[in-house]
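Got a minute for some cysteines? Here is a quick tour of the disulfides in this chain, plus a look at one sheet.

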Amino acid sequence: MKNFNLFFIFILLLSIGSCRSDSETPAEITVDNTIKTGKVSGRVMSQNGTKSIGGASVFTFDEKYKIYYTTSDADGNFTLEAPVGNQTIHIQTGNGSNFRTEISATVKDNETLNLNASQTKLNQVAKIAYVKGNYDKIEDIIQNLGYNATEITNADLANITAIVQYDIIFLNCGSRNYNSNQSLYPAIDANLAVFVANGGSIYASDWDVAYLVGGTDNTTSCSLPGGFVPDTKLCSTNTGSSGIIPATVSSAGLSTALGFNTLNIDFDLGSWQKITNYDPTYWDVLVKETSSNNALMIRTNHFTATGIPATPIGNAPNTTFTTVCITLPGNIQISLSVPTAAVPYLVALGATVGPCSGSTNSGYIYYTSFHNHATGNIGNAGVILQYVILNL
């Protein structure tokens, strides 16, 4: 009877092992109890395969949810150490909620798997909209990367039902047309507040800072009526004069993605918005004037407001991914979107739900005093705006 029981247990163990799927194959263990690894390499490309993407997060997990992580260089190239076996390789920009790709790969011990360009294209999962401007065409850069954006109007911005279907809204310089649409702006201000507070992201350029802080088609002083960002957080006036402005990239992440940290920005119009005051605890400065340290490009995900209704935004109700904050060796924190099923395991290892900084529910607000001119002559500013698009 004892021999029968041992035989039965042996058969049961075999059957349990045989029921494990390929994706659940445990990582191979060496004699010193370390996990065998190989490498995965490739080049992150835009959807149409024409542009390489720097600063993208590339990562995978082992069966115990230890993360293996790297980033692409300025030319989009990466090499990721990964555990042996069938793995899902994640490629993301920003926190992964708007642009991400998943690749199934078989990693072999001490070998390098080279992914081809068709596998490493960064997919758009966000729904993107833009308001047409007179001096600015961010939609050209979006389309040149192979991504899709829908044109909307100020009347759409005044309709909350129209805008909550999107994840990102781009506000082109010269789109405001305040004097011909004054009655719309109380609703626009309220709706943009709801949109951002619930996780939607927006980008505004140059004169369209007025959508953020108030004013007519541009802003001439601080504390103007309208807008939804508190005046204590940002002030910008149209006092910039035309000319070449030497600039410094002050964000390490942006500098790594671009491959440079200084550039000349051509302000070729008669006047442009100068950021005269901002709250440094609220905004991150990504690009600044070299001589004066005045901010030229800022972002925040700290927006909150009382009385804002909880409203599903864009793809959020349908996604099976959740944003988490993971701490890497060296106390480096990264915000990533991971399969929701993995969240409890990652939390048990020390991850937290939500982004590593900012308000848990807030989307991003990006503002640049420069933009994509309608003529397209923007030089190095173009690759910076590519970064903005992919990291919202």
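What follows covers the cysteines and then a sheet.

A word on ground rules: this is a predicted model, where local features need pLDDT of at least 70, side-chain atom pairs count only at pLDDT 80 or more, and totals for chains, interfaces and linings use all residues. Residues are numbered from 1 along each chain as its sequence is written, and side-chain values use heavy atoms, with hydrogens and water left out.

Let's start with the bonds. Call a disulfide any pair of cysteine sulfur atoms within 2.5 Å, and the count comes to two disulfides. Here they are side by side:

| Pair | Sulfur–sulfur distance | Angle about the S-S bond | Handedness |
|---|---|---|---|
| Cys222 and Cys235 | 1.6 Å | -90 degrees | left-handed |
| Cys325 and Cys356 | 2.1 Å | 105 degrees | right-handed |

Counting bonded cysteines along the chain, the pattern reads 1-2, 3-4. Cys173 sits this out: it is in no disulfide, and the nearest cysteine sulfur, that of Cys235, is 17 Å away.

Where do the partners of the Cys222 and Cys235 link sit? Cys222 is in the loop between helix 6 (210–213) and strand 12 (234–249), while Cys235 is in strand 12, so to speak 13 residues along. Helices (H or I, at least four residues) and strands (E, at least two) are DSSP runs, numbered from the N terminus.The other pair also links distant parts of the chain: Cys325 is in strand 16 (residues 321–328) and Cys356 is in the loop between strand 18 (352–353) and strand 19 (365–368), 31 residues apart.

Now for accessibility. Buried means under 20% relative accessible area, exposed over 50%, and partly exposed in between (1.4 Å probe, protein chains only). Cys222 comes out partly exposed at 41%, whereas its partner Cys235 is buried at 3%. In the other bond, Cys325 is buried at 4% and Cys356 is partly exposed at 25%. The unbonded Cys173 has a relative accessibility of 1%, so it counts as buried.

Finally, the sheet. Strands of a sheet pair through backbone hydrogen bonds, either parallel or antiparallel. Two strands count as paired if DSSP finds at least two bridges between them. In this open sheet, three strands line up in the order 17-16-18, with antiparallel pairing. Strand 17 (332–339) and strand 18 are at the edges with a single partner strand each, so one side of each has no neighbour in the sheet. Strands 16 and 17 are joined by eight bridges, and Thr327 stands opposite Gln333 of strand 17.
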